[in-house]
Amino acid sequence: MEPILDYDDGLSAFSSARTRNAAIPQTRAAPAPEVRRKERGLHSLADRIVKELGDFTSGVDGWHGGTEGLLDRLTTSPTDPGAARVIVVRGWQEPTPTTATDLLRRLSATVKAAGLPPGRRPRLLVLATSTGLPVELPEQIAREDVGVHWWWGALGRLDTATVVAMTRPRPSGPAARHQLFEAVTQATVVEVCGPFLDLAARLAVEWDGLPDGLPAHLLRLTAGPEPGRIPVPGPRTTEPTAAPLHPNASLRPEWDQGTLDRWDGRLRRRPDSGTEHEHSVRTRIWLAQNHALLPLLDEAREQFTEVIRVRSRISGTELAALYGPQAEMELGAMWRAHLQGHVRLSQPEADRLRTLRASRNKLAHRTALDNTALEALVHVLCS
């Protein structure tokens with residue numbers, strides 16, 4: 001019986017004609033060049049796998065090589081130790097792009113027909129780029145015995161943070177002040193670079209941590225096309241609030257080029273020199289500062305409530321009626337109490353409260369702290 005190929009070999013019409021005219025001898029047409037090339041590639045891959053599994057063919061009656069020989073070995077040889085190994089196929093190295101997926105389809109069908117129990121089924125791991133796969137293949141083969149894994153969203157925030165921490169220069173200066181400044185710097189690099197670890201490593205080494213210069217510095221790192229990267233044709237996708245679990249057809253061109261991925265549950269595009277570059281970078285600077293500094297600002301506010309209690313010129317009841325309960329009093333309410341004369345602060349205390357309040361207000365209004373504001377806040381928090 002002739003094998004049933006999983007791809008269209010262009011001979012379906014010929015097969016139908018042969019069935020209708022079975023009594024008329026016919027000469028079978030030669031396979032098309034593309035079909036022959038695919039068959040040669042598939043047989044070549046099968047022979048290489050058999051060679052890796054070991055010399056199983058010695059002394060075996062009726063052995064035949066190529067794809068059928070490999071499938072026979074994997075499905076009819078219970079004592080063969082090689083059949084239990086995981087067979088890894090690097091699909092992008094094959095001269096014919098569909099070779100690895102053709103083998104996967106053939107093996108899946110053969111295992112099903114052989115009725116092998118789960119413990120005796122051969123395992124094939126095919127690694128391929130999305131452009132080397134038929135678009136419909138992942139959905140076609142995803143069953144209980146075939147798993148499809150997209151290397152999409154594989155990197156997380158911890159991966160980027162680890163790379164940044166390992167590549168940052170050794171700290172210098174006062175310990176507490178530097179540790180806080182360093183925490184904000186690393187959080188900013190992680191937030192700006194996302195899953196693009198090469199960019200994160202370079203920025204971690206070269207950037208001084210001052211937010212005003214980050215957009216221009218990042219622009220220098222990303223200016224010009226990446227070596228070997230082909231521009232993606234057509235309009236780019238709009239970045240939604242959440243990323244799909246798998247890259248759909250509209251996302252795959254950018255994903256293949258390494259400029260788009262799923263990170264922290266959202267679509268993340270590699271920073272570039274586009275018109276929205278600076279706005280996007282400043283938004284991510286704000287996100288990083290918000291994450292690193294807000295808990296410290298809240299802690300400083302709680303500590304300052306004791307200063308307000310000691311410096312109050314009115315009773316606690318009156319102070320609470322005018323500005324809220326002492327334990328819940330916001331920095332803005334403390335500042336108003338100072339301006340109204342209900343709380344008498346020393347100049348250093350007033351300066352500290354002014355800095356805390358201004359920083360809190362900027363972050364609450366989605367505005368990143370500039371160089372001066374960040375340095376002032378770090379000084380206040382560490383003093």
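**Helix packing and the largest pocket**

The crossing of α9 and α11 is right-handed in this predicted model.

Reader: Is the packing of α9 and α11 roughly perpendicular or oblique?

Author: Two packed helices are described by the angle between their axes and the distance between the axes. Helix α9 (residues 214-222) and helix α11 (residues 277-311) pack with their axes 9 Å apart, at an angle of about 120 degrees. Because angles from 65 to 115 degrees count as roughly perpendicular and those over 145 as roughly antiparallel, the relation of α9 to α11 is oblique.

Reader: How many residues of the contact of α9 with α11 are nonpolar?

Author: On the α9 side the contact is made by L214, P215, L218 and L219, and on the α11 side by H277, E278, V281, R282 and I285. One residue of this contact is polar and two are charged, while the number of nonpolar residues is six.

Reader: Which element supplies the largest share of the lining of the largest pocket?

Author: The largest pocket holds about 1,100 Å³ of space, and among the 39 residues that line this pocket, L125, V126, G147, V148 and H149 are the closest to its centre. At least two lining residues each come from α4 (99-114), β2 (123-127), α5 (137-141), α8 (197-206), α10 (252-256) and β3 (260-263). The largest share, five residues, is supplied by β2.

Reader: How many residues of the lining of the largest pocket are nonpolar?

Author: The lining of the largest pocket comprises 39 residues, which divide into three classes. Seven of these lining residues are polar and six are charged, and the number that are nonpolar is 26.

Terms used:
Residues numbered from 1 in each chain as written. Predicted model: local features only at pLDDT ≥ 70, side-chain atom pairs only at ≥ 80, totals over all residues. Heavy atoms only, no water. Axes fitted to C-alpha atoms, helices over the stretch in contact; angles between N-to-C directions. Helix = DSSP H or I, 4+ residues; strand = E, 2+ residues; numbered from the N terminus. Parallel < 35°, antiparallel > 145°, perpendicular 65-115°, else oblique. Left-handed = near helix turned anticlockwise from the far one by under 90°. Contact = heavy atoms within 4.5 Å. Nonpolar A, V, L, I, M, F, W, Y, C, P; charged D, E, K, R; others polar. 1 Å grid on protein atoms, 1.4 Å probe; cavity = no way out; pocket = protein on both sides within 12 Å on 5 of 7 lines; lining within 4 Å. Points joined across faces, edges and corners; volume = space filled by probe spheres on them.
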